[in-house]
Amino acid sequence: MKLRCCSILVLVRRFHSQELPNTSKILSHQRLLTLLSSCKDLCSLLQLHARLITSGFTFNTSTSTLLINLYSSFQKCAFSRSLFDSLPNPPVIIWNSMIRAYVRVNQHEEALKLYVSMLEKSIQPDKYTFTFVLKACTAMSDFERSILIHEEIVRRNLETDVFIGTGLIYMYSKMGDLESARMVFDQMPDKDVVAWNAMISGLAQSAEPVKAVDLFKDMQFIFRINPNSVTLLNLLPAVCKLMDMRACRCIHAYVYRRAFPVSVHNALIDTYSKCNHPNLAHRIFLELRGKDDVSWGTMMAGFAYNGNFHEVLEMFDSIKKTGLKISKVSAVSALLATGEIGDLGRGKEIHEYAIQEMIDSDIMVATSLMTMYAKCGLLDKARDLFWGINGRDLVAWSAAIAAFSQSGYPQEALSLFRDMQNVYSQPNNVTLVSVIPACAELRAVRLGKSVHCHAVKASIDSDISTGTALVSMYAKCNLFNLALNLFNKMPLVEVVTWNALINGYAQIGDCYNALEMFSRLRLTGLHPDPGTMVGALPACALLGDVRLGGCLHCQIIRYGFESDCHVKNALIDLYAKCGSLTLAEFLFNKNDFSKDEVSWNTMIAGYMHNGLAKIALAAFHSMKFESFRPNVVTIVSILPAVSHLTCLREGMTIHSYIIKSGFQSHKLVGNSLIDMYAKCGQLDLSERIFEEMKNTDTVSWNALLTAYSMHGEGDRALSVFSLMENRDIEVDAISFLSVLSACRHAGLVEEGRKIFHHMRDKYHIEPDVEHYACMVDLLGRAGLFYEIMDLLKTMPMEPDGGVWGALLDASRMHSNIELAEVALKHLVKLEQGNPAHYVVLSSLYSQSGRWNDAGHTRVKMNETGLRKTPGCSWVEVKRGI
């Protein structure tokens, strides 16, 4: 302790050794103390401290307290401690100052140790001691010591003190014990606005933010306490969680009638943006006087949050024109926008600007740069940026993993996670939340479970973000028992966690469970958010229930989600899949709808779902005309339209666009091209596409099998199927359907029979009704009717129209009127509106000379109101269909 005291004396004397004043020049002690109170830098403080020492000043309690506080304000807590240790018997006020000094520089453990030392020396703490000690406990989230200190406070009858009570409320709120926080709050006899703010803040961050809004109302209307700016800043996050536009407008009106600082207006901009009303947020921004860089950054973040990426870049340009300094938040929003729209040129421009402003090394900006380059396809550049970060800590690693995972490179994210484990053996919750989605994307269940074990060992599995990521991963991997088990064990469940389950069920086509989870969410009292609706609407679409979808649409309007681009796209998809194309087109063409590539893709897919290939192709051209860049999903959606219309020239034009855009490496695109060229009669081009594909999967091989099948190339289809077996490529039900179809077209009865039996005996795949229809057609063309009847008797399911239709065609081919009548009898029941079956039977009667029966069949067809549909052909003339 003496050494510590000597060290500070040596330091202050060094500052003064050259110019110690003589007695006549020494300033009065009062003058020195006045200068000390207004000291602005550490050098001046040391000089003044030296003058006081060398002038023989006797340090009293107030001066020692002032010096301890001043040194801590300059982050020199060691100097404060040296001075503290030099005092023989410091009173409680000095102890409080030293504890406060440690809290100020975030040395909370030292603050608590000093508190224990204080008790050991029988120094009685006062209310100010506990105020500072509670702050240290709150920062450390040390629940056990917090309880002990609270018990000491109660023992000394200090719990009702407004400062201590407020400290306890903040402490319990941060630790998630809102029941204890509310108990302390209710027991306080006199509550000032700070105490109310503390309680509102705690409730706003809880799972029941509506209680924060209710408490805010009680504060004003029952207890007549006027809220201040901090009250509103604490309350608005609750309004965001509730998506409560009515409350938001009421607070806005309250702010409008009074003089509040810019920070409150910035918070309102953020709230309106997060309530999916960026237009109202922008109106506040435009009317706001004295905008600061936070205002610009908040508005840009709001536009980015709502998917208005072009508006983000327009604001970025405006900041540059006005000469304002671009904040880190603004740079991050601008980089996010360029990454989402794939504008690499603008991204590089923002990167250069970040370098000029010397903010490119900031972890938040560096992460956004990595994400932007990754989303624009420059993976090497993104990787170089990461390895170029000096002093990579756990935050930097976590950020890089998140950047690759969110940009569609899950394998790279997992590789980086493994590299990180060589440096940091214990990842934090941010790291885990970043790597879990990559595991889900790759269906890497084993690694996902390993990450889950990490979370359990580190006691962060109950953290809301980690728990939600794990629930989402298990749901995406179709492990719903594990997902539900984890979900039910989570102590706190928010809307985003419910969304993970709803989306998981919807993605595997389990519509009923998806909608059941949606109903259970509503029963909890939590309000759905746009993500909830984006999960529930596809479930209605899969059910084809436009009425239920309409009910959800009403709720979307009620909650104010209709302006959300993702929700609007889901609504368009719902109505298109339910056959209500007029409603889908109405939503798509609304003036206030900011379309994106997903909107166009949804509309094109909707037209194709309803068999409107020509209109889908027109929509594709409109998309390009309006300067939207078709992406991989667009290409995969439009190529079936080309196939349906057999419009070869259009298909080749799209193929050239695919090559220019670098999409040819995508398996989905390659598979669609194989199918398109085959249906347009260009089997050689289908083969070339397949041969040029670097990564083929079962779907690719099946596409080639189907191509050979539709062109009657049975032998080549069998060769390809044999090659799949030899190369251990997984064969599925579609593979067998394609090769059986090829056999029936080529009349390869023995080969087809052998493959059909291999399907069940060798590959353990149960034939579907379509496989039986193929076999009936194959055997029927060969006239093997007895074998057909035996096959029909062994079918584990009822034959459908395809099976009976194949039998009818075979009967017509071999003039087997008896079996034709049997087939028609079943077909009339299954496909009452199809006149083709009557026409086939009538033709068969005519061929056999049974003219009366042929006439009766025609009369019966007319009596049922059926008409033969005339055939038609598509012809391409001068790029027109």
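Biologist: What makes you call α10 mostly covered?

Modeller: Of its 13 residues, 10 are buried, where buried means under 20% relative accessible area, partly exposed lies in between, and exposed is over 50% (1.4 Å probe, protein chains only). Among the buried ones are Val162, Ile164, Leu168 and Tyr172. This is a predicted model, where local features need pLDDT of at least 70, side-chain atom pairs count only at pLDDT 80 or more, and totals for chains, interfaces and linings use all residues. Residues are numbered from 1 along each chain as its sequence is written, and side-chain values use heavy atoms, without hydrogens or water.

Biologist: How do you know that the span of helix α10 agrees with what is expected?

Modeller: A helix here is a DSSP run of H or I, at least four residues, numbered from the N terminus. The expected span is 1.5 Å times one less than the number of residues. For residues 162-174 that should give 18 Å, and the end C-alpha atoms are 18 Å apart, so the two agree.

Biologist: Which helices cover the buried residues of α10?

Modeller: The cover includes α8, α9, α11 and α12.

Biologist: What reaches the backbone nitrogen of Phe163 at the start of α10?

Modeller: A side-chain oxygen of Asp161 comes to within 3.0 Å of that nitrogen. Just after the helix, Gly176 has a positive phi of about 85°.

Biologist: Why is Ile149 said to be in contact with Phe130?

Modeller: Contact means heavy atoms within 4.5 Å, so that is the test a pair has to pass. Leaving aside neighbours within four places in sequence, the contacts of Ile149 include Phe130, Leu112 and Cys137.

Key:
Helix = DSSP H or I, 4+ residues; strand = E, 2+ residues; numbered from the N terminus. Polar contact = N/O pair within 3.5 Å; in protein donor to acceptor, adjacent residues only side chain to side chain.
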